[in-house]
Amino acid sequence: MITAADLEYHHSDTADHTWAETYYLPISVPEERLFAHVYVVVRPVLGTMQNDIRVHGSVSSTEFELLYIDSQNHLPAPERFSQLHGPNGLSVVAVNPPRDYRVDYVGRDGTEIHVDMIGIMQPFDINDPAENPFTGTTEEEKLANTSMGSGYKGHYDMHCRVTGTLKVRGKEYAVDIVDRMNHSWGPRPEMEIPPMNSVWAQFGEDLGLRFHMHLDPAQETGQDQRFANGYVLDKGEVFAIKDLDMTTTRVGIVPVTIDVEATDIRDKKFRLRGVPIAGGPWRAYAPCICWIGLIQWEHNGVIGHGSIQENHALGVETRLRGRRWSDRIAALTA
């Protein structure tokens with residue numbers, strides 16, 4: 001179970017430089033096809049912090065088409081994780097931990113974020129068998145089932161009501177959406193971040209889904225993703241997902257259609273189809289390329305929104321794709 005104490009640092013005296021504490025905080029304006037995020041990685045043993053703030057306004061396969069980016073890797077770590085204030089103009093404060101947060105950012109070129117994230121559920125602890133009965137019984141099983149390994153030694157997801165404003169290069173947009181945030185902690189060696197998917201969808205406050213997938217790029221489409229963990233938020237109640245099939249059709253690195261069939265512990269099924277309306281590649285860590293984007297979801301004729309983070313590990317991809325200049329290039333078809 002997640003408590004207010006989980007908004008502070010978790011590392012011990014034996015933790016090494018790989019220990020990380022992270023936030024992922026999306027800010028979406030679907031009607032404008034805008035997708036922004038605030039990503040925070042603190043390495044408390046090193047005393048450093050990485051912040052990544054960006055805004056997408058198109059569906060792209062390149063970062064050159066971002067509307068805005070402020071990515072800095074060597075900022076001083078905050079004294080307390082729950083009271084994060086950086087020299088780059090970012091502030092993230094847990095005003096009512098673990099459920100309510102205030103995010104403020106005053107950046108460059110007339111770009112600002114001012115939102116409240118108010119939890120509409122108890123944060124879902126993916127490692128607590130009382131909340132996720134499929135987590136595993138041993139520490140080894142739990143880490144294997146997280147989709148991120150030791151990086152999710154601790155992790156929670158939470159649907160929340162996000163309200164406030166997003167200003168992009170001088171133009172201000174109102175934000176009012178049910179979205180999802182998360183917080184993670186544990187050893188996170190950059191070369192060991194695996195291929196995986198992190199996906200969420202919400203249809204107002206009545207229905208939301210959140211799930212993690214293992215990704216195997218050596219397998220064919222439809223066989224390359226395996227369910228790790230997740231939940232359904234159904235009219236205020238949270239139910240663990242016990243089984244999920246997901247098929248993603250991609251053009252290059254861009255997911256163009258996503259088909260999902262999820263079954264929760266009540267045996268209730270949910271069928272979703274998603275298409276991207278904003279997003280692009282994101283390199284949160286040097287050896288990884290993650291496609292992130294705002295997805296428009298359809299479920300039983302109802303339109304909702306959410307996002308996907310599909311992480312491609314270069315250590316894995318280069319073993320599959322690496323070639324010399326004289327090697328034959330795969331045939332192109334049109």
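Modeller: On a 1 Å grid over the protein atoms alone, a cavity is a set of points where a 1.4 Å probe fits but cannot get out; a pocket is an open set with protein on both sides within 12 Å along at least five of seven lines, and lining residues have an atom within 4 Å of a point. The model is predicted: local features need pLDDT of at least 70 and side-chain atom pairs pLDDT 80 or more, while totals for chains, interfaces and linings use all residues. Residues are numbered from 1 along each chain as its sequence is written, and side-chain values use heavy atoms, without hydrogens and water.

Biologist: How many cavities of 30 Å³ or more does a search of the whole structure find?

Modeller: The largest cavity holds about 220 Å³ of space, a volume being the space filled by probe spheres set on grid points joined across faces, edges and corners. With 30 Å³ as the lower limit, the number of cavities found in the whole structure is 3.

Biologist: Which residues lie nearest the centre of the largest cavity?

Modeller: The lining of the largest cavity comprises 18 residues. Two or more of them come from each of β1 (19-29), β11 (171-187), β12 (196-203), β18 (288-299) and β19; such strands are DSSP runs of E, at least two residues long, and helices are runs of H or I, at least four, numbered from the N terminus. Nearest the cavity centre are Tyr39, Met148, Arg188, Trp282 and Gln309.

Biologist: Which element gives the most to the lining of the largest pocket?

Modeller: The largest pocket has a volume of about 520 Å³. It is lined by 17 residues, with Arg250, Gly252, His312, Glu317 and Arg321 closest to its centre. Both β15 (237-251) and α2 (314-321) supply at least two lining residues. The greatest contribution, 4 residues, is that of α2.

Biologist: Which element gives the most to the lining of the second largest pocket?

Modeller: The second largest pocket encloses about 380 Å³. Its lining has 21 residues, and those closest to the centre are Gln50, Asn73, Glu190, Ala284 and Tyr285. At least two lining residues are supplied by each of β2 (34-43), β3 (48-56) and β4 (68-76). With 5 residues, the element that gives the most is β3.

Biologist: Why is the pair formed by tyrosine 24 and tryptophan 282 called tilted?

Modeller: The structure holds 10 aromatic pairs, which are rings of Phe, Tyr and Trp (its six-membered ring) with centres within 6.5 Å; planes under 30 degrees apart count as stacked, over 60 as edge-to-face and the rest as tilted. Tyrosine 24 and tryptophan 282 have ring centres 5.8 Å apart; the pair is tilted because the planes stand at 45°.

Biologist: How many residues apart are tyrosine 24 and tryptophan 282?

Modeller: Both residues are buried, that is, under 20% relative accessible area (exposed is over 50%, partly exposed in between; 1.4 Å probe, protein chains only). Ring pairs join them with Tyr39, Trp200 and Tyr285 in a cluster. Tyrosine 24 belongs to strand β1 and tryptophan 282 to strand β17 (residues 269-282), so this pair links distant parts of the chain. The separation in residues is 258.

Biologist: Is histidine 305 buried or exposed?

Modeller: Histidine 305 belongs to strand β19 (residues 302-313). Beyond its neighbours within four places in sequence, histidine 305 contacts (heavy atoms within 4.5 Å) Pro30, Ala201, Gln202, Ile277, Leu294, Ile295, Gln296 and Trp297. Because its relative accessibility is 17%, histidine 305 counts as buried.
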